[in-house]
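Colleague: I'm new to reading structures, so could you walk me through this one with a few questions and answers?

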Amino acid sequence: MKYKRSLIHYVDIPKISDDCFLYFVQSPDHIPFAIKRVYYILKSRPNLPRGSHAHYKTQQIIFCIQGSIRMILDDGSKREEVILNQPETGILLDRMIWHEMHNFQKDTILLVLASRKYEDKDYIRDHEQFLAIANGNNKKTSKI
Ligand code: TYD
């Protein structure tokens, strides 16, 4: 029961081992949306957290394909932490999930698959505002 209510939804993808390791992700087999955008993050600094926002509509899957990070997920009523350090195991960053990335190990590379194109107005960057919207006591809703 505990796991049903967890904010951490793992996404496991195939790993092909021949003379190297090859991983692949395809929709809808491995992820619950059609991929509209891919981005990757590298050259991050250990002491500089990233993220700290939620999206109204965009769903994402994040993989740490090299290195390690500590992620915090928050749905407005609980916060959970997870270490990402396996290229074959990503996690879902669903709509209206506040997420933060911390403790970037040197040379970490993140790969993110997104359900929508980039739109600044899909972001909620203020945590107080996020809490108000997530808990249903803010009149302001999605602008998109
Ligand atoms: P942001 O999503 O805040 O990055 P992170 O989650 O790693 O903290 O984006 C950082 C900057 O990059 C911000 O100015 C928006 C821009 N950006 C794009 O232009 N396109 C994109 O697809 C993404 C993800 C970000």
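Modeller: Sure, and let's start with a term: a salt bridge is a side-chain nitrogen of Lys or Arg within 4 Å of a carboxyl oxygen of Asp or Glu. Keep in mind that this is a predicted model.

Colleague: Okay, then how far apart are the closest N and O atoms of lysine 121 and glutamate 119?

Modeller: The cut-off is 4 Å between a Lys or Arg nitrogen and a carboxyl oxygen. Lysine 121 and glutamate 119 do form a salt bridge. Their closest N and O atoms are apart by 3.4 Å.

Colleague: And are those two buried, partly exposed or exposed?

Modeller: Buried means under 20% relative accessible area and exposed means over 50%, with partly exposed in between. Lysine 121 comes out at 39%, and glutamate 119 at 25%. Both values fall in the middle range, so lysine 121 and glutamate 119 count as partly exposed.

Colleague: Which residues do salt bridges with shared partners join into one network?

Modeller: Some salt bridges have partners in common, and that links them up. The network found this way is made of Asp74, Arg79 and Glu100.

Colleague: How many salt bridges does a search of the whole structure find?

Modeller: Besides the lysine 121 and glutamate 119 pair, there is one between lysine 106 and aspartate 107, at 3.5 Å from N to O. In that pair, lysine 106 is exposed at 66%, while aspartate 107 is partly exposed at 46%. Searching the whole structure gives a total of 8.

Colleague: Which residue does glutamate 81 meet in a salt bridge?

Modeller: Glutamate 81 sits in strand β8, and its partner is in strand β7, 11 residues apart, so the pair links distant parts of the chain. Glutamate 81 is exposed, with a relative accessible area of 52%. The N to O distance is 2.9 Å, and the partner is arginine 70.

Colleague: Now glutamate 80: which side chain of opposite charge is nearest to it?

Modeller: Glutamate 80 lies in strand β8, which covers residues 79–84. Glutamate 80 is buried but has no salt bridge. A salt bridge needs the atoms within 4 Å, and the nearest side chain of opposite charge is 5.0 Å away: lysine 78.

Colleague: Then which side chain does the side chain of glutamate 80 make a polar contact with?

Modeller: Leaving aside neighbours within four places in sequence, glutamate 80 is in contact with several residues, including Arg5, Ile8 and Met71. The backbone nitrogen of leucine 7 also lies 3.2 Å from a polar atom of the glutamate 80 side chain. The side-chain partner, at 2.8 Å, is serine 6.

Colleague: Let's turn to the ligand. How much of its accessible area does the protein cover?

Modeller: The residues around the ligand include Arg37, Tyr39, His53 and Tyr118. Oxygen atoms of the ligand lie 2.7 Å from an N or O atom in the side chain of arginine 50, 2.7 Å from a backbone N or O atom of glycine 51, and 2.6 Å from a polar side-chain atom of tyrosine 123. Of the 520 Å² of accessible area that the ligand has on its own, the protein covers 64%.

Colleague: Which elements give two or more residues to the shell around the ligand?

Modeller: The shell has members such as Ile41 and Arg50. The elements giving two or more residues are β4 (37–41) and β5 (50–55).

Colleague: What is phi for serine 52?

Modeller: Serine 52 is in strand β5 and is partly exposed at 30%. Phi here is positive even though serine 52 is a residue other than glycine, and its value is near 60°.

Colleague: And where is lysine 43?

Modeller: Lysine 43 also has a positive phi, about 60°, although it is not a glycine. Lysine 43 is exposed, with a relative accessible area of 76%. Its place is in the loop between β4 and β5.

Colleague: Last one: which residue does a cis peptide bond join to serine 27?

Modeller: The partner is in the loop between β3 and β4. Omega is about 10°, and the residue joined to serine 27 is proline 28.

Definitions and conventions. Residues numbered from 1 in each chain as written. Predicted model: local features only at pLDDT ≥ 70, side-chain atom pairs only at ≥ 80, totals over all residues. Heavy atoms only, no water. Helix = DSSP H or I, 4+ residues; strand = E, 2+ residues; numbered from the N terminus. Buried < 20%, exposed > 50% of the residue type's maximum accessible area, 1.4 Å probe, protein only. Lys, Arg positive; Asp, Glu negative; His and termini not counted. Polar contact = N/O pair within 3.5 Å; in protein donor to acceptor, adjacent residues only side chain to side chain. Contact = heavy atoms within 4.5 Å. Near = heavy atom within 4 Å. Areas by Shrake-Rupley, 256 points an atom, 1.4 Å probe, with all protein chains shown as cover.
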